[in-house]
Amino acid sequence: MFRGAPESDVREGLALIKRAAEEGAAHGLYMKGYLMRDARLADIETVMEVFKRAARKGHKNAAVEVGTYYGDGFHVEKNVEESERFFCMGGAFGRAYSEELHGRPPDCSPQPNQE
């Protein structure tokens, strides 16, 4: 199933990710979204919502994923403002991606509502 890993180990790992996501753990949510996307287990809107939840909980990679989707217009309507907002949540990692994608650093001044 996963590069020669025993199926029982894979199932156990997936169960742990699912439980972590259900408990609202940022990394559990990120991994759930990542697996849902790569295994094509859900539509992109559902995956984006999972990544957004993880980003709002502080997961930098999830924030960069969402920022990239909005910045590229990948399966969602292109939205530079939303892209930069999520890139800012991604910290230095996100700001570097934003500058590469948009040709300038994002404005990461505090926003009234990050939800």
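**Exercise 1. Determine how the side chains of Arg19 and Glu23 meet, and classify the accessibility of Glu23.**

Solution. The side chains of Arg19 and Glu23 meet in a salt bridge, at 3.9 Å from N to O. A salt bridge is defined as a side-chain nitrogen of Lys or Arg within 4 Å of a carboxyl oxygen of Asp or Glu. Glu23 has a relative accessibility of 62% and therefore counts as exposed; the classes are buried (under 20% relative accessible area), exposed (over 50%) and partly exposed (in between), with a 1.4 Å probe and protein chains only. By the salt-bridge rule, the count comes to six.

The model is predicted: local features need pLDDT of at least 70, side-chain atom pairs count only at pLDDT 80 or more, and totals for chains, interfaces and linings use all residues. Residues are numbered from 1 along each chain as its sequence is written, and side-chain values use heavy atoms, with hydrogens and water left out.

**Exercise 2. State which parts of the chain are tied together by the salt bridge of Arg37 with Glu65.**

Solution. First, the distance: the closest N and O atoms of Arg37 and Glu65 are 2.8 Å apart. Next, the location: Arg37 belongs to helix α2 (residues 26–38) and Glu65 to helix α4 (residues 60–72), so this pair ties together parts that are 28 residues apart in sequence. Helices (H or I, at least four residues) are DSSP runs, numbered from the N terminus. Finally, the accessibility: Glu65 counts as buried, at 18%.

**Exercise 3. Describe the salt bridge of Lys52 and Glu49, and say whether Lys52 is buried or exposed.**

Solution. The N to O distance between these side chains, Lys52 and Glu49, is 3.5 Å. Both residues lie in helix α3 (residues 44–56), three residues apart, which is about one turn of the helix. Lys52 is buried, its relative accessible area being 10%, whereas Glu49 is partly exposed at 43%. Elsewhere, salt bridges that share partners join Arg37, Asp38 and Glu65 into one network.

**Exercise 4. Classify the ring pair formed by Tyr30 and Tyr34.**

Solution. A pair of aromatic rings is described by the distance of the centres and the angle of the planes. Rings of Phe, Tyr and Trp (its six-membered ring) pair if their centres lie within 6.5 Å; planes under 30 degrees apart are stacked, over 60 edge-to-face, and the rest tilted. The whole structure holds six aromatic pairs. For Tyr30 and Tyr34, the centres are 6.1 Å apart and the planes lie at 35°, so the pair is tilted. The two residues are four apart in helix α2, and so are separated by about one helical turn. Tyr30 is buried at 9% relative accessible area; Tyr34, at 32%, is partly exposed. Together with Phe51, Tyr30 and Tyr34 form one aromatic cluster.

**Exercise 5. Identify the element that gives the most to the largest nonpolar core.**

Solution. A nonpolar core is a set of buried Ala, Val, Leu, Ile, Met, Phe, Trp, Tyr and Cys residues joined through side-chain atoms within 4.5 Å. The largest core has 19 residues, of which Met48, Phe51, Ala55, Ala62, Val66, Tyr70 and Phe86 touch the most other members. Two or more residues come from each of α2, α3, α4 and α5 (80–89). The element that gives the most is α3, with seven residues. Beyond its neighbours within four places in sequence, Ala62 is in contact (heavy atoms within 4.5 Å) with Tyr30, Phe51, Ala54 and Ala55.
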